[in-house]
Amino acid sequence: MTTGFDDIFSIRGKVALVTGGSRGIGEMIAAGFLAAGAKVYISSRKADVCDATAERLAKTYGGTCISLPADLSQMSGIESLAARLAEKETRLDILVNNAGAAWGAPIESFPEVGWDKVMDTNVKGVFFLTQKLLPLLRKAAAEGAPARVINIGSIDGLKSAAFDTFSYGASKAAVHHLTRFLAAHLTKEKILCNAIAPGPYPTWMLSTGVGFGGETENADWDQVGRGNPSGRVGTAQDIAGLAIFLSSRAGEYVVGQVIASDGGAVGTS
């Protein structure tokens with residue numbers, strides 16, 4: 001038997017949507033996809049930030065990066081995003097459900113609004129956006145190579161966090177199990193679903209949690225990294241490389257999995 005390995009990690013020519021793509025892990029994945037030759041749409045709640053990031057990524061990495069702002073905590077935003085994408089594309093090869101929210105408060109005073117906002121964005125948004133985009137995902141799968149859905153969870157959904165982020169950890173555990181449910185229903189349609197559970201990455205969300213006030217560029221990430229088994233925080237290459245693997249021929253036999261990208265925080269504990 002002759003086995004070919006040419007382009008085994010290629011996603012060139014694929015059409016991808018990355019939600020929460022204006023910053024943090026979503027921006028890292030979008031950048032990696034662009035550098036690998038995919039056409040990338042990014043979405044986030046703030047239109048001006050989303051537009052600016054799309055322009056900057058296209059200029060930096062080449063290719064096409066298009067901004068489609070939307071509030072994915074609301075059904076109206078989910079439906080609007082799906083409709084606008086369908087106006088521009090006949091298929092969607094890769095959907096990265098990354099848009100997320102967090103809320104921290106002591107257990108005695110944790111508010112209902114903090115619970116509902118996180119669950120609506122992190123769980124409800126993932127399910128219903130995937131649902132609304134099924135026609136485009138099915139069109140991509142019909143071309144001979146499976147379409148991909150990659151849900152971004154968190155190691156906080158695999159273990160207890162140090163922060164008082166009760167709804168966030170619960171929401172990410174739900175995302176992990178939802179991924180398995182989606183895989184059970186969609187794999188036979190050649191739509192492959194997996195989840196990535198990131199650990200510490202230099203993002204706005206982690207920056208606020210560790211006391212850096214949302215600063216990412218000039219924060220002391222080495223200090224945070226020293227508490228990790230790998231001695232560092234993650235990089236754009238780490239998260240984008242895993243997302244590219246899951247989106248390429250190389251990752252075609254990986255289905256319904258939750259893969260931690262955390263430098264060993266979960267696996268060595």
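**View 1. Helix α4 and helix α6 (residues 166-186) pack at an angle of about 15°, their axes 9 Å apart.** Welcome to a predicted model, in which local features need pLDDT of at least 70, side-chain atom pairs count only at pLDDT 80 or more, and totals for chains, interfaces and linings use all residues. Residues are numbered from 1 along each chain as its sequence is written, and side-chain values use heavy atoms, with hydrogens and water left out. Helices (DSSP runs of H or I, at least four residues) and strands (runs of E, at least two) are numbered from the N terminus. Axes are lines fitted to C-alpha atoms, for helices over the stretch in contact, and angles run from 0 to 180 degrees between N-to-C directions. On the α4 side, the contact is made by G114, W115, V118, M119, N122, V123, V126, F127 and T130. From α6 come F166, S167, Y168, A170, S171, K172, A174, V175, L178 and L182. Contact here means heavy atoms within 4.5 Å. The residues where α4 meets α6 divide into 13 nonpolar, five polar and one charged. In this count Ala, Val, Leu, Ile, Met, Phe, Trp, Tyr, Cys and Pro are nonpolar, Asp, Glu, Lys and Arg charged, and the others, Gly among them, polar.

**View 2. Look along α4 and you will find K124 in this helix, which covers residues 112-132.** Is K124 buried, exposed or something in between? K124 is partly exposed, with a relative accessible area of 32%; buried means under 20%, exposed over 50%, and partly exposed in between (1.4 Å probe, protein chains only). Leaving aside residues up to four places away in sequence, K124 touches M75 and M119. M119 also appears among the α4 residues that contact α6. T165 lies 41 residues from K124 along the chain, and the C-alpha atoms of the two are separated by 18 Å.

**View 3. Seven strands build an open sheet with parallel pairing.** In what order do the strands come? Reading across the sheet, the order is β3-β2-β1-β4-β5-β6-β7. Strands pair if DSSP finds at least two bridges between them. The edges belong to β3 (65-67) and β7 (258-261); each has a single partner strand, so one side of each is left without a neighbour in the sheet. On average, neighbouring strands of this sheet are turned by 20° against each other, direction ignored.

**View 4. Two strand pairs deserve a closer look, starting with β1 and β2, which run parallel and are joined by five bridges.** Within this pair, L17 has Y41 of β2 as its bridge partner. Four of the five residues of β2 are buried, so this strand is largely enclosed by the rest of the structure. Further along the sheet, β6 (residues 191-198) runs parallel to β7, and four bridges join them. There, A195 finds its bridge partner in V258 of β7.

**View 5. Helix α1 (residues 24-35) lies across six strands of the sheet: β1 (15-19), β2 (39-43), β3, β4 (94-97), β5 (147-152) and β6.** The helix runs at about 165° to β1. The helix from the opening views, α4, packs on the sheet too, touching β1, β4 and β5. Its direction makes about 165° with that of β4.

**View 6. Helix α1 also meets helix α2 (residues 47-61), and their axes cross at roughly 35°.** These axes come within 9 Å. Which residues make the contact? From α1 they are E27, A30, A31, L34 and A35, and from α2 they are T53, R56, L57, A58 and Y61. By class, this α1 and α2 contact has seven nonpolar, one polar and two charged residues.

**View 7. T90 sits in the loop between α3 (75-88) and β4.** T90 is exposed, with a relative accessible area of 62%. Setting aside residues up to four places away in sequence, T90 touches L136 and K139. V15 is 75 residues from T90 in sequence, while the C-alpha atoms of the two are 9.8 Å apart in space.

**View 8. D7 and K190 both have a positive phi although neither is a glycine.** For D7, phi is about 60°. D7 belongs to the segment before β1, and at 61% relative accessibility D7 counts as exposed. For K190, phi is about 65°. K190 lies in the loop between α6 and β6, where K190 is partly exposed, with a relative accessible area of 48%.
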